[in-house]
Number of protein chains: 2
Amino acid sequence: MSSQNIETRTRILEATVRILEEHGGRGVRMSDIARESGISRQAVYLHFASRAELLDATTKYRDEVLDLDRRLAPSRAAKGGVERLALYIEFWGNYVPEIYGVAKALLLAQDTDEAAAAAWQGRMLAMRDGCRAAIDALHSDGQLAPGWTPKNAADVLWTMLLVPNWENLTAECGWSTQQYVRCMKTVVERTFVKE
Amino acid sequence: MSSQNIETRTRILEATVRILEEHGGRGVRMSDIARESGISRQAVYLHFASRAELLDATTKYRDEVLDLDRRLAPSRAAKGGVERLALYIEFWGNYVPEIYGVAKALLLAQDTDEAAAAAWQGRMLAMRDGCRAAIDALHSDGQLAPGWTPKNAADVLWTMLLVPNWENLTAECGWSTQQYVRCMKTVVERTFVKE
DNA sequence: TCTAGAGTTTACACTGTGTCAATTGACAAA
DNA sequence: TTTGTCAATTGACACAGTGTAAACTCTAGA
């Protein structure tokens, strides 16, 4: 039966999330994931062709479970550009901690793994669109600070929101997610909003 | 003679820089470095105990060759906090492209290599001090924007200047180093300087 | 009862790091 | 000239982790 198949697949994805979050995405091997899933290492390859494919599938699974679309809704429904920007940061800042383990693993795999690099880049490009949309909303309100083209502003916003920045502020500097969100809002407003 | 010893060591370091810069720090193996140095792979281990130690030594060698201290002098000699901040960004923005290959290799090695992670962290802590000093100068001029503690401001400045951010803006967004420097100055001034 | 599918065990190829032992070649001191 | 030392060489190997392959087991449906 294929239902058994899907159950096992899901079990692997759940186990991957669990163990990755537990270890902050570092040093987790296929055999660890297999053990956590309660199957043999080789059986994992019956469901995912490679480590990169597993990690990629895990991020997508995570987006589904965490209901990415619902979380994005508020910023998309925002009335003005300023509000949209703030809500987007709010969304992202609270989302990152929940996907950090998986994201970090994918990030670290970039070294050796071409496919992992591509998967990560794909994710980041999706987020780039979100940044661009928020900046565009600001721009069409005539609220984008002078000196910025929408393109450049979106590039900078995108870069500021990159996972390693969140990681640095929380892990190295000891910030809470709350502090991170509030601070990013301040920086972004002072940087991009007119006046 | 030990002079021969040192010559070979330097030859390895030079070769490491060359090949790392050439490949953007990705996928360079000990055997590649050995070939580039004109010696056997095993001979590299006569001079450096591990890959991490070699990479660490290479960054330090690079700092020497590029005369890190001379480059830091202008920002340290700045009259006011605002000027100091600008000159620090100027320094760092022009320095990163010159150490990118080595830095990236060290960054990528963090996955598997404990020692590489420690080496990188050490480097970053040194830079953190530079950020803190610049912010302190601004603060003691009474020019730090309201809402910031020096600690928080330094944390954010430090994070903004992290290598992956430069990497993202140049590699993914197609910015030049010039653009990067100018933009970072703008962002930092709007964010941290009063008024 | 036969078959297909999922999973298991065992084994192995491959890559890259790091270690070890035996050897060579050069140079310096006795 | 001999001896000792030191850098470097070659070749072999241990170890970890990914991915592949083959042969076997167990279950459930036709």
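This is a walk through a predicted model of two protein chains, A and B, together with DNA strands C and D.

Let us start with a single chain. The secondary structure of chain A consists of ten helices and zero strands, so reading from the N terminus you meet the pattern α-α-α-α-α-α-α-α-α-α. The C-alpha trace of chain A spans about 60 × 35 × 30 Å along its principal axes. Of the 195 residues in chain A, 39% are buried. Contacts in chain A also reach across the sequence: among those with a separation of 6 or more, 66% link residues 24 or more positions apart.

It helps to divide chain A into its parts. The domain assignment gives domain 1, covering 2-50, and domain 2, covering 64-192. Taken over C-alpha atoms, the centres of domain 1 of chain A and domain 2 of chain A are separated by 28 Å. The two domains touch, with eight residues of domain 1 of chain A and eight residues of domain 2 of chain A taking part in the contact. On the domain 1 side, the touching residues are three nonpolar, three polar and two charged.

One residue in chain A deserves a pause for its backbone. A:Asp67 sits in the loop between helix H4 (51-65) and helix H5 (68-76) of chain A. Its phi is near 55 degrees, a positive value in a residue other than glycine. Is A:Asp67 buried or exposed? A:Asp67 counts as exposed, because it has 10 C-beta neighbours inside 10 Å. Chain B offers another positive phi in a residue other than glycine, at B:Glu195, where the value is near 90 degrees. B:Glu195 belongs to the segment after H10 of chain B, and B:Glu195 is exposed because it has 6 other C-beta atoms within 10 Å.

Now turn to the inside. In soluble globular proteins, nonpolar side chains tend to be buried together. In this model the largest nonpolar core has 112 residues. Those with the most contacts inside this core are A:Leu55, A:Leu106, A:Ile135 and A:Leu157, along with B:Leu55, B:Leu106 and B:Leu157. A:Leu157 makes a good residue to centre your view on: leaving aside residues up to four places away in sequence, A:Leu157 touches A:Cys131, A:Ile135, A:Val188 and A:Phe192. One of these partners, A:Ile135, is itself among the core residues with the most contacts.

Next, look at how the chains meet. The contact takes 18 residues from chain B and 18 residues from chain A. On the chain B side, the elements giving two or more residues are helix H8 (150-160), helix H9 (163-172) and helix H10 (177-192) of chain B. H10(B) gives the most, with five residues. By class, the side of chain B that touches chain A has eight nonpolar, seven polar and three charged residues.

How are the two copies arranged? A turn of 180 degrees, with a shift of 0.0 Å along the axis, lays chain B on chain A with an RMSD of 0.0 Å. The two copies are therefore related as by a two-fold rotation axis. The same surface serves both copies, as 100% of the contact residues of chain B recur in chain A.

Finally, follow the protein to the DNA. There are 17 residues around DNA strand C, and those that come nearest are A:Thr8, A:Ser40, A:Ala43, B:Ser50 and B:Arg51. Helix H1 (2-22) and helix H3 (41-44) of chain A, together with helix H2 (30-37) of chain B, each supply at least two residues of the surface near this strand. H1(A) provides the largest share of that surface, four residues. The surface near DNA strand C has six nonpolar, nine polar and two charged residues.

DNA strand D has 16 residues around it, of which A:Arg29, A:Arg51, B:Thr8, B:Ser40 and B:Ala43 come nearest. Here the elements that give two or more residues are helix H2 (30-37) of chain A together with helix H1 (2-22) and helix H3 (41-44) of chain B. H1(B) gives the most to the surface near DNA strand D, with four residues. By class, the residues of this surface divide into five nonpolar, nine polar and two charged.

Conventions:
Residues are numbered from 1 along each chain as its sequence is written. Chains are lettered from A and ligands numbered from 1 in the order in which they are written. This is a predicted model: local features need pLDDT of at least 70, side-chain atom pairs count only at pLDDT 80 or more; totals for chains, interfaces and linings use all residues. A residue is near a molecule or strand if its C-beta atom, placed from the backbone, lies within 6 Å of it. Ala, Val, Leu, Ile, Met, Phe, Trp, Tyr, Cys and Pro count as nonpolar, Asp, Glu, Lys and Arg as charged, and the others, Gly among them, as polar. Domain bounds come from an automatic or database domain assignment. Two residues are in contact if their C-beta atoms, placed from the backbone, lie within 7 Å. Copies are superposed by least squares on the C-alpha atoms of residues with pLDDT of at least 70 in both. A nonpolar core is a set of buried Ala, Val, Leu, Ile, Met, Phe, Trp, Tyr and Cys residues joined through C-beta atoms within 7 Å. A residue is buried if 20 or more other C-beta atoms lie within 10 Å of its own, exposed if 12 or fewer, and partly exposed in between; C-beta atoms are placed from the backbone.
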